[in-house]
Structures are given as structure tokens and as C-alpha cells.
Amino acid sequence: MNILALAFTIVAALACSTAANVNASGKRVRAPPTQLQIGVKYRPKNCTVRTKPGDKVSVHYTGTLFSDGTEFDSSLGRGTPLDFVVGQGQVIKGWDQGLLNMCVGEKRKLQIPADLAYGKRGAPPTIPADAALVFETELMAINGQGVDIENVREEL
């Protein structure tokens, strides 16, 4: 095989491999997550208590659609974090799993596949069926014990 034929073969293979990641308007799209992805954005140096199943937690969050980044909900605009008990099914499975072992003051980015979010039913009208979701989260309190402002100031 000569160099020109080899180059053509490589270019054709690359074009085929990326074609699945391009939408109808020619924009490149990311494949949605197939498993929970947890990104720690900030973790306090001093963490004596971490979340576990059964803890009542307070979490600030902003939720967006993985597909296009459309924001569908945020506790920040309301000024009140969401309170729930971890591991009791009060929130989507991606949260029950993705917020475990978290410190007060910690910030995480959760990329949640549809089957750990709202699945085939979605949450109309803002979350379509089979939608992967992204949440920027900050743990504000565990069992009523909130962020130690002095500790956070020292770390910043």
C-alpha cells in the first residue's frame, strides 16, 4: 500500500469514528454518561464527618441537561438548599450514590446517566425521557451541622 492510499484510509477511518458524535447541524456532541461520574471540585482540608446512608443533608445544587446544558433547576435562586435523607430514595439514585462520603463544604459535579436519574419517564416538561443530567452540588450540612465558616476562610 502506498503512502497516499494509507493516508486516505486513516482519514476515512477517523471520519467514520467521529461521524457518530456529530448532530444533524454538524455540531460535535458528547456521548452521555453510561455510569455515574463524580468530580470533586473542592474538598475542605479538615473533614471529620462524611455523609453516609441515613444522614439528613442540606445541598445547594444547579441541574442542567447533559445534552445541551439547559438549566432546569437550581436551589441557589431560591436561596434555600434541598434537605433530604441520603439513601432513602427521596431523590434520584444518582444523588443517593453521588453524594456519599462527602464533607460539609465539599463541592462535586455529578454526571448522571438517565437510568440513575428519571429514566424513560423523564420529568416533563423540563427533563425529557432518557436524559442524562449534570449537577453542580455543594454540601451545606450533615444532620444539622453546617459549614464551619472559619475553617473555609482559613483554607481560602
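In this predicted model, the side chain of Asp96 has a polar atom 3.2 Å from the backbone nitrogen of Gly89. A polar atom of the Asp96 side chain also lies 2.8 Å from the backbone nitrogen of Gly87. Asp96 itself sits in helix 2, which covers residues 93–98. Setting aside residues up to four places away in sequence, Asp96 touches Phe84, Val85, Val86, Gly87, Gln88, Gly89, Gln90 and Val91.

Which side chain of opposite charge is nearest to Asp96? It is Lys93, at a distance of 8.8 Å. Asp96 is buried and has no salt bridge. A salt bridge requires a side-chain nitrogen of Lys or Arg within 4 Å of a carboxyl oxygen of Asp or Glu, and Lys93 is 8.8 Å away, so the two are not paired. What Asp96 does have is the pair of backbone nitrogens already named, those of Gly87 and Gly89.

**Overall layout**

The protein has three helices and seven strands. Read from the N terminus, the order of elements is α-β-β-β-β-α-β-β-β-α. There are 156 residues, and 34% of them are buried. Among contacts with a separation of 6 or more, 65% are between residues 24 or more positions apart.

**Salt bridges**

Side chains of opposite charge can pair when their charged atoms come close. The whole structure contains four salt bridges, including the three listed here.

| Pair | Closest N to O distance |
|---|---|
| Arg43 and Glu106 | 3.3 Å |
| Asp55 and Lys52 | 3.0 Å |
| Arg108 and Glu106 | 2.7 Å |

Glu106 takes part in a salt bridge with Arg43 and in another with Arg108. Through these shared partners, Arg43, Glu106 and Arg108 form one network. Arg43 is in the loop between strand 1 and strand 2, and Glu106 is in the loop between helix 2 and strand 5; their salt bridge therefore ties together parts that are 63 residues apart in sequence.

Which members of the network are buried, and which are partly exposed? Glu106 and Arg108 are both buried, whereas Arg43 is partly exposed at 38% relative accessible area. For Glu106 the relative accessible area is 0%.

The salt bridge of Asp55 and Lys52 also joins a buried residue to a partly exposed one. Asp55 has 3% relative accessibility and counts as buried, while Lys52, at 47%, is partly exposed.

**The disulfide**

One disulfide is found in the whole structure. Its partners are Cys47 and Cys103, whose sulfur atoms are 2.0 Å apart. The angle about the S-S bond is -100°, making the link left-handed. Cys47 lies in the loop between strand 1 (37–42) and strand 2 (56–65), and Cys103 lies in the loop between helix 2 and strand 5 (107–112). The disulfide thus connects distant parts of the chain, 56 residues apart.

The loop between strand 1 and strand 2 and the loop between helix 2 and strand 5 are the ones that hold Arg43 and Glu106. These two loops are therefore linked by the salt bridge of Arg43 and Glu106 as well as by the disulfide of Cys47 and Cys103.

The two cysteines differ in exposure. Cys47 is partly exposed, at 23% relative accessible area. Cys103 has a relative accessibility of 1% and is buried.

**The nonpolar core and its surroundings**

The largest nonpolar core has 23 residues, and those touching the most other members are Phe84, Trp95, Ile112, Leu133 and Phe135. Strand 2, strand 5 and strand 6 (133–142) each give two or more residues to this core.

Which residues does Ile112 contact beyond its neighbours within four places in sequence? They are Pro33, Leu36, Ile92, Gly94, Trp95, Ala117, Ala132, Leu133 and Phe135. Phe84, another of the core residues named above, is also among the contacts of Asp96.

Leu36, a contact of Ile112, is located in the loop between helix 1 (3–19) and strand 1. Its relative accessibility is 19%, and because the limit for buried is under 20%, Leu36 counts as buried. Beyond four places in sequence, Leu36 touches Gly94, Gln97, Gly98, Gln111, Ile112, Pro113 and Leu116. The C-alpha atoms of Leu36 and Lys93 are 9.6 Å apart, with their positions 57 residues apart in sequence.

Key:
Residues numbered from 1 in each chain as written. Predicted model: local features only at pLDDT ≥ 70, side-chain atom pairs only at ≥ 80, totals over all residues. Heavy atoms only, no water. Helix = DSSP H or I, 4+ residues; strand = E, 2+ residues; numbered from the N terminus. Buried < 20%, exposed > 50% of the residue type's maximum accessible area, 1.4 Å probe, protein only. Lys, Arg positive; Asp, Glu negative; His and termini not counted. Polar contact = N/O pair within 3.5 Å; in protein donor to acceptor, adjacent residues only side chain to side chain. Contact = heavy atoms within 4.5 Å. Disulfide = S-S within 2.5 Å. Core = buried A, V, L, I, M, F, W, Y, C linked by side-chain atoms within 4.5 Å.
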